[in-house]
Structures are given as structure tokens and as C-alpha cells.
Amino acid sequence: MFNLPQGPAEVISRLVKGTCLFKIGSHDPFEAIHIRSPLEIELTDTDSAMKSASTIAFNEELIDTDVPA
């Protein structure tokens, strides 16, 4: 799908959380680690957003009024 050489499949299968494999143009793929700042972590915390009281109340309100989500 991404036209990667055979080797990267093994690399991808053993990547730890927060790392990725970059392939830019015709250059060889390389491993990178993504380090987020405390602000980035707070802004991108989708788990807490989905579990927040306001989200839960909103979803319950949709269920109570039979409005499709």
C-alpha cells in the first residue's frame, strides 16, 4: 500500500508507543519518536473528552429525546 521495501514491515511490528516510521518521497524510511508537551497532551486527550460529564450528559439527552447521534 505504501510501497515500502520488505524490511520496514518488521520495524513497524516492533515499534513502541509514541514511535513511528516516516517515509518522505524517495528517501529511505526512518524511525521517529513523537514527544508531546504537557499542553499538547492536555489538548489532545480524547479519552477524557469522551468521558467528561458534559459529553455523557449530552449523549444521555440525545437518548432521552430520541434524536439520532
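**Fold, strand contacts and an aromatic surface patch**

Read along its sequence, the protein follows the pattern α-β-β-α-α-α, and its secondary structure accordingly comes to four helices and two strands. The model is a predicted one, with a mean pLDDT of 78 for the protein, and 83% of the residues reach 70 or more. Confidence is highest in strand S2, which covers residues 30–33 and has a mean of 89, whereas the lowest value belongs to helix H4, residues 53–64, with a mean of 72. Where pLDDT is low, the predicted coordinates should not be read in detail.

Of the 69 residues in the protein, buried residues make up 6%. The area exposed by the protein is about 6300 Å², of which 60% is supplied by carbon and sulfur atoms. When contacts between residues at least 6 apart in sequence are considered, 6% of them join residues that are at least 24 apart.

Several of the contacts computed for the model link strand S1 and the loop that precedes it to residues of the 30s. Glycine 18 is found in the loop between helix H1 (8–13) and strand S1, and this residue counts as partly exposed because its relative accessibility is 34%, which falls between the limits of 20% and 50%. Once neighbours within four places in sequence are left aside, glycine 18 is in contact with Ala32, Ile33 and His34. For the last of these residues, histidine 34, the separation from glycine 18 is 16 residues in sequence and 5.5 Å in space, taken from C-alpha to C-alpha.

Threonine 19 has its place in strand S1, and, with neighbours within four places in sequence again left aside, threonine 19 is in contact with Ala32 and Ile33. The C-alpha atoms of threonine 19 and glutamate 31 are separated by 6.9 Å, although the two residues are twelve residues apart along the chain. Isoleucine 33, for its part, lies in strand S2, and under the treatment of sequence neighbours already described its contacts are with Gly18 and Thr19. Isoleucine 33 and lysine 17 are 16 residues apart in sequence, and their C-alpha atoms are 8.8 Å apart in space. Despite these contacts, isoleucine 33 counts as exposed, because its relative accessibility of 59% is over the 50% limit.

A search of the whole structure finds one aromatic pair. This pair is formed by phenylalanine 22 and phenylalanine 30, with 5.6 Å from centre to centre and 20° between the planes, and the arrangement is stacked. The angle meets the criterion for that description because planes under 30 degrees apart count as stacked. Phenylalanine 22 lies in strand S1, which spans residues 19–22, while the position of phenylalanine 30 falls within the range of strand S2, residues 30–33.

Both members of the pair retain some accessibility at the surface of the model: phenylalanine 22 counts as partly exposed at 38% relative accessibility, and phenylalanine 30 likewise counts as partly exposed, at 39%. Phe22 and Phe30, together with Ile24, also make a nonpolar surface patch of about 280 Å². The two phenylalanines therefore have a place in the patch with relative accessible areas that are over the 30% required of patch residues.

Technical notes. Residues are numbered from 1 along each chain as its sequence is written. This is a predicted model: local features need pLDDT of at least 70, side-chain atom pairs count only at pLDDT 80 or more; totals for chains, interfaces and linings use all residues. Side-chain values use heavy atoms; hydrogens and water are left out. pLDDT is the predictor's confidence in each residue, from 0 to 100. Patches are made of residues with over 30% relative accessible area and no salt bridge: like charges are joined within 9 Å, nonpolar side chains (Val, Leu, Ile, Met, Phe, Trp, Tyr) within 5 Å. Accessible areas come from the Shrake-Rupley method with a 1.4 Å probe; for residues, only the protein chains shown count as cover. A salt bridge is a side-chain nitrogen of Lys or Arg within 4 Å of a carboxyl oxygen of Asp or Glu. Rings of Phe, Tyr and Trp (its six-membered ring) pair if their centres lie within 6.5 Å; planes under 30 degrees apart count as stacked, over 60 as edge-to-face and the rest as tilted. Buried means under 20% relative accessible area, exposed over 50%, partly exposed in between (1.4 Å probe, protein chains only). Contact means heavy atoms within 4.5 Å.
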